[in-house]
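Let's take a look at how this one is put together, working from a single charged pair outwards. The structure comes up just below.

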Protein chains: 4
Amino acid sequence: MTQHGPLGVAVIGTGKMGADHVRRINEVVSGARVTAVVDVDAERVKAVADGIEGCTAYTDPAAAMAAADVDAVLIASPGPAHEAALLTAFEHDLPVLCEKPLTPDAASALRVMEAEQRLGHRRVQVGFMRRYDAEYTKLKTLLDSGELGRTLMLHNRHRNASIPSGFTNANLVNDSLVHEMDVTRWLLGQEITSVTVLRPRPSSHAPEGLDDPQFVVFETDGGAVVDVEVFLNCGFGYQVQAEAVCERGSARIGDAHDLLVNTAGRWGGTIAQDFVERFADAYDREVQAWVDATRRGEVTGPSVWDGYAAAAVCEAGVRSQSEGGRVEVELVDRPAFYR
Amino acid sequence: MTQHGPLGVAVIGTGKMGADHVRRINEVVSGARVTAVVDVDAERVKAVADGIEGCTAYTDPAAAMAAADVDAVLIASPGPAHEAALLTAFEHDLPVLCEKPLTPDAASALRVMEAEQRLGHRRVQVGFMRRYDAEYTKLKTLLDSGELGRTLMLHNRHRNASIPSGFTNANLVNDSLVHEMDVTRWLLGQEITSVTVLRPRPSSHAPEGLDDPQFVVFETDGGAVVDVEVFLNCGFGYQVQAEAVCERGSARIGDAHDLLVNTAGRWGGTIAQDFVERFADAYDREVQAWVDATRRGEVTGPSVWDGYAAAAVCEAGVRSQSEGGRVEVELVDRPAFYR
Amino acid sequence: MTQHGPLGVAVIGTGKMGADHVRRINEVVSGARVTAVVDVDAERVKAVADGIEGCTAYTDPAAAMAAADVDAVLIASPGPAHEAALLTAFEHDLPVLCEKPLTPDAASALRVMEAEQRLGHRRVQVGFMRRYDAEYTKLKTLLDSGELGRTLMLHNRHRNASIPSGFTNANLVNDSLVHEMDVTRWLLGQEITSVTVLRPRPSSHAPEGLDDPQFVVFETDGGAVVDVEVFLNCGFGYQVQAEAVCERGSARIGDAHDLLVNTAGRWGGTIAQDFVERFADAYDREVQAWVDATRRGEVTGPSVWDGYAAAAVCEAGVRSQSEGGRVEVELVDRPAFYR
Amino acid sequence: MTQHGPLGVAVIGTGKMGADHVRRINEVVSGARVTAVVDVDAERVKAVADGIEGCTAYTDPAAAMAAADVDAVLIASPGPAHEAALLTAFEHDLPVLCEKPLTPDAASALRVMEAEQRLGHRRVQVGFMRRYDAEYTKLKTLLDSGELGRTLMLHNRHRNASIPSGFTNANLVNDSLVHEMDVTRWLLGQEITSVTVLRPRPSSHAPEGLDDPQFVVFETDGGAVVDVEVFLNCGFGYQVQAEAVCERGSARIGDAHDLLVNTAGRWGGTIAQDFVERFADAYDREVQAWVDATRRGEVTGPSVWDGYAAAAVCEAGVRSQSEGGRVEVELVDRPAFYR
């Protein structure tokens, strides 16, 4: 059933990501408005709500989801709070856009997956927003067209200018590499079967406790080999690249440029300094797609299965970091529900 | 005064451009909805209105502008109808986004300019949408920063894959070259003082009645020399490029790419096939900017003066085509109102 | 008749260019050696000869050309000395590679042309070395293939990082722009019929007495329109670009790069700082081609007609600079000898 | 001691590679000529010698090396014949340019290394010609400058349009991958300590008996991680790329272009179709550098140690292919002689 008026959205979590989604829904996206904001920090959430006409502040997600003017939920709270919020949303049968990670580990993701199946229909879109990036989308379209034949290898680079201190090897897998895990699964339409993490001698700019950069190899159930450079203190900028090598050609994204400048012996352009700059449009498109689908009464985009599979691959990645060598990924059979 | 609810927009003209703006306002832009559509074709306008909740069809622009749910007007009717629609909007003191050309000639543009001045405040944004293109915006920002020094020359290319038959030399100036006229004035912040149109021996693909390509030189009151290649049947795609050559460097846009493909002995990418593909985002941003400014009670973007100046330069261009050689541009003094 | 041993070359003029050719012949090119060097500066020429086994120093070109071990002549002396050296070479019927300009003006070039015709066979290759540059050669090959159809326009950029003081507007035409004159004639296979020089308000880095940059338009007898930006103090490097716009496509050279570097927020590469760096290979190939052809008993490459035509176009260019506006080029009819 | 006349070179082996070197020495390189050609095929070698003034045909390398007009030896015979030819050259104390591989395995390479050490001075330059490629040279210069800090990772692509049938997995390592082995050692100045070969599900264009493509990971004694895609039937062209990822930036080669063409909806350029086209200049520069050094009485370039190390890494690579997993490289200690 199609919704005619604007979609009333409850945004759970008003930290950096949540606040940005509030702004996006109210000022960028067509057909939605924020009617509820939720945060354990009562003061912060009140301040946010006060700035928006017709928006109520809550500290309890369940209360917000029970409100009459809430048609859908965007979860942007910390990962450990996701499972409870998702289960509550299921009780109200509300459509959800859940920021990644779906949940912090494979076991909890599996529980969410089972709960959604009990509900009998898909309700959750997981926030793997690279699937909405214009460059990735073009690459996906080209690969799916079959023009280049089967994809044999995928080379990826994931570079941040710098990373806040406190970021650990596990964060590198769970928060950074997780994007390439999803991109690999999505672009190839295959599951990752093993992960091998190699650690070069770290850069002298690597902070205490983080081996930076790392080089990761995935193998897939379709026989593809995928490599990922993750370099979180590369110094020069935020750079995400992917090259698919296929039977009849190769295709590369991540070198996009617009303005070329000649100055003082050098030609070239600038490099984006963070993911906000690089992926701003992808976030806008992701939320717009979710709003549009929800208003049409549909659920599209990355599913709970995708969130679960990413969690399982992450667990293998963290084990490869600590134990060394190649680690096989353990996945339950994919339910027909998610095919 | 700030408007809280969505802006009610009357769209005048429901041809290709108008229909696209209707879709844009309802499905892409945040904070506005189409409450009225106007067209002399009663059947067509009714069909458009029927598909939109809360939208009324009109055949008379004045009736639409008098409606209570109309807060602003977007004029997308043919050029000769613009003057009357603008004057009516002024009577209702409504904010207007007027598609280019402002009016078909400098004399009528001058009348509109005078009417707006009598109103006492700016009401019109003219639809020179290249000012909202991400690449042009970056170029403008760089030039304005002063980093490269004064701009000495500007090289432009304006290429269409092909053009419908019936397009004349005058169309080439008034409908195609007009964009580079505005871009020149905007990027440099200078007025164009002369136009010289050169016509190479036409391509064998040029249709009857059109000398294609043409090569145009502008001189400005700041001493810059600007050249424009206009090639409307280039065959390979829609390509808009600009290079500013400055005292300490040069900067070029229009070679942007995202996906690089290797196939069968060739590397490279695709070329956009029309302006819709190339400038889709610019149109979205233009209308969003107009909606946002209007809701804040402001008028921004290209002014009636810009529409008038473009019309005056076009007249000189058409004269250079027919008489040959360099033709000086005649402009009235710029009113303080438009500084 | 083919020459088996290495070609003995007399190099006339041992200034910067001459000395570089001496090095080139002895250390880079296959099949030739310098057997004579000539310069009015007796001390300098002796120093050069002393460093080379089997090489004699002369102050008189005629004496060098009469020597038994001299098979061919490379003229790299100042332009005003070229006519006499060429006529002497004709007396000895020696093959000549003559650095550009052939002679300083059209009248003297015409005299050389007549003298060579009296000789009855071509003896002179003029040093327009861009015809030997790999990029220009590829562009020429593509245009000649007919794949893109007839060439309609040619856009050129000729930028130097900076120019020594004392360089005049006439130098800009005779020493810089002359390359694009030859490139235009060679790429298109057409004669230039008019020259128009436009002078933007000069860069603040332009030295006293030089209007820098300048923007030049050529028209050709095949109906093509050619534009050239000449910017001799652009600050950022030596950059030579050309784009041919044809009926079925366009092709551009001069953006070649090899090493791409990411550093501190910027991606890109370096720009060559002078013509020696940019065109080193072209000079090597030019001289090797001359040596190879000479050893085979042939004369190839740019002819005296090309040298004459360049001189005539330069005269028109200088007149356009001083008088303003469009100046027609005056050429004698092309002798059958040079077809 | 410096040699004044041209260097007399004996070329051993007149197959495709040898014949090309004969042409190069006689027609491209300055300061050398072929005075002897050697081949077991008496007819072929006589035909080659007959076309060159002052060149004698031999079927026995030792006889050629004993000739008075032979100053230096270029070995381009099949790999198994290299050891004997090298030892004979050592007997005559002749400088040698030996095409890769030095010898077919590490044991024989070790014997050559010991023989050269007994001779007491370096005599051999091994034909790893990528070290003479302009792009690799620039990359090496940049890395050695320290500007980007220590190199942490090196990503390589090695693609051939297609490969003759009969090429085996061992050939892929010994004839293709061997270049990246040398490039890795040379660019980083480190030894390779382990090799891991991964084999994606082969392309449907892979010939019987060859797993194509393969993905290889090297680890080095400096802690760098190096990956190489080897794809010998990629279909689109010959493409060699390398990206060094360093502590303060990254640098990439192998995307060089010169001519950019717009045609029919596509922009881009051509891809070289084989190594002859891609590396022609590198071969020229390699042989010129060898001739120049030899005439100065010096030995430069890749040494016998480099040939030995490549052989040892190749053996590990072939083992990883057949046994799977990571294989450690076994190297003798590097003799002081080769430091």
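## A charged pair between two domains

Start with A:Glu180, which makes a salt bridge to A:Arg130, with 2.7 Å between the closest N and O atoms. Bear in mind that this is a predicted model. The pair is worth picking out: the interface of domain 1 of chain A and domain 2 of chain A has one salt bridge by the rule used. Polar contacts add to the picture, with six residue pairs counted between domain 1 of chain A and domain 2 of chain A, both partners at pLDDT 80 or more.

Which helix gives the most to the side of domain 1 of chain A that touches domain 2 of chain A? That's helix α5 of chain A, residues 106-119, with seven residues. Sorted by class, this side of domain 1 of chain A holds eight nonpolar, four polar and five charged residues.

## How the domains are laid out

Neither domain is one unbroken stretch of chain A: domain 1 takes in 7-130 plus 281-303, while domain 2 takes in 141-278 plus 310-338. Their C-alpha centres sit 27 Å apart. On the contact itself, domain 1 of chain A puts in 17 residues and domain 2 of chain A puts in 19.

Together, domain 1 of chain A and domain 2 of chain A bury about 1700 Å², and carbon and sulfur atoms account for 66% of that. On the domain 1 side, A:Lys100, A:Phe128 and A:Arg130 provide 41% of the area buried against domain 2 of chain A, more than any other three residues. A:Arg130 is also the residue bridged to A:Glu180.

## What the UniProt record says

An unreviewed UniProt entry annotates residues 8-128 of chain A as "domain: Gfo/Idh/MocA-like oxidoreductase N-terminal". In the model, that span is 42% helix and 22% strand, and its end C-alpha atoms are 22 Å apart.

UniProt, again in an unreviewed entry, lists residues 142-329 of chain A as "domain: Gfo/Idh/MocA-like oxidoreductase C-terminal". Here the model has 35% helix and 29% strand, with 28 Å between the end C-alpha atoms.

## Where chain A meets chain D

Now for the contact between chains. Chain A and chain D each bring 37 residues to it, and the two chains bury about 2800 Å² between them, 56% of it on carbon and sulfur atoms. How many salt bridges are there between chain A and chain D? The count is six. A:Glu243 makes a salt bridge with D:Arg157, for example, where the closest N and O atoms are 3.8 Å apart. There are also 12 residue pairs in polar contact across the interface of chain A and chain D, both at pLDDT 80 or more.

Strands feature here: β7 (151-159), β9 (214-220), β10 (225-231), β11 (239-246) and β12 (249-253) of chain A each supply at least two residues of the side that touches chain D. The largest share comes from β7(A), with five residues. By class, the side of chain A that touches chain D splits into 14 nonpolar, 11 polar and 12 charged residues.

## Salt bridges over the whole structure

Taking all chains together, a search turns up 121 salt bridges. One more to look at is A:Arg185 with A:Asp306, whose closest N and O atoms are 3.0 Å apart. A:Arg185 is in helix α7 (residues 169-188) of chain A and A:Asp306 is in helix α9 (residues 304-323) of chain A, so the pair ties together parts 121 residues apart in sequence.

Note on methods. Residues are numbered from 1 along each chain as its sequence is written. Chains are lettered from A and ligands numbered from 1 in the order in which they are written. This is a predicted model: local features need pLDDT of at least 70, side-chain atom pairs count only at pLDDT 80 or more; totals for chains, interfaces and linings use all residues. Side-chain values use heavy atoms; hydrogens and water are left out. Domain bounds come from an automatic or database domain assignment. Contact means heavy atoms within 4.5 Å. Buried area is the accessible area (1.4 Å probe) that two parts lose on being put together, summed over both. A salt bridge is a side-chain nitrogen of Lys or Arg within 4 Å of a carboxyl oxygen of Asp or Glu. A polar contact is a pair of N or O atoms within 3.5 Å; within protein, one must be able to donate a hydrogen and the other to accept it, and residues adjacent in sequence count only if both atoms are side-chain atoms. Helices (H or I, at least four residues) and strands (E, at least two) are DSSP runs, numbered from the N terminus. Ala, Val, Leu, Ile, Met, Phe, Trp, Tyr, Cys and Pro count as nonpolar, Asp, Glu, Lys and Arg as charged, and the others, Gly among them, as polar. UniProt positions are given in the numbering used here, feature names are shortened, and annotations may be inferred rather than shown by experiment.
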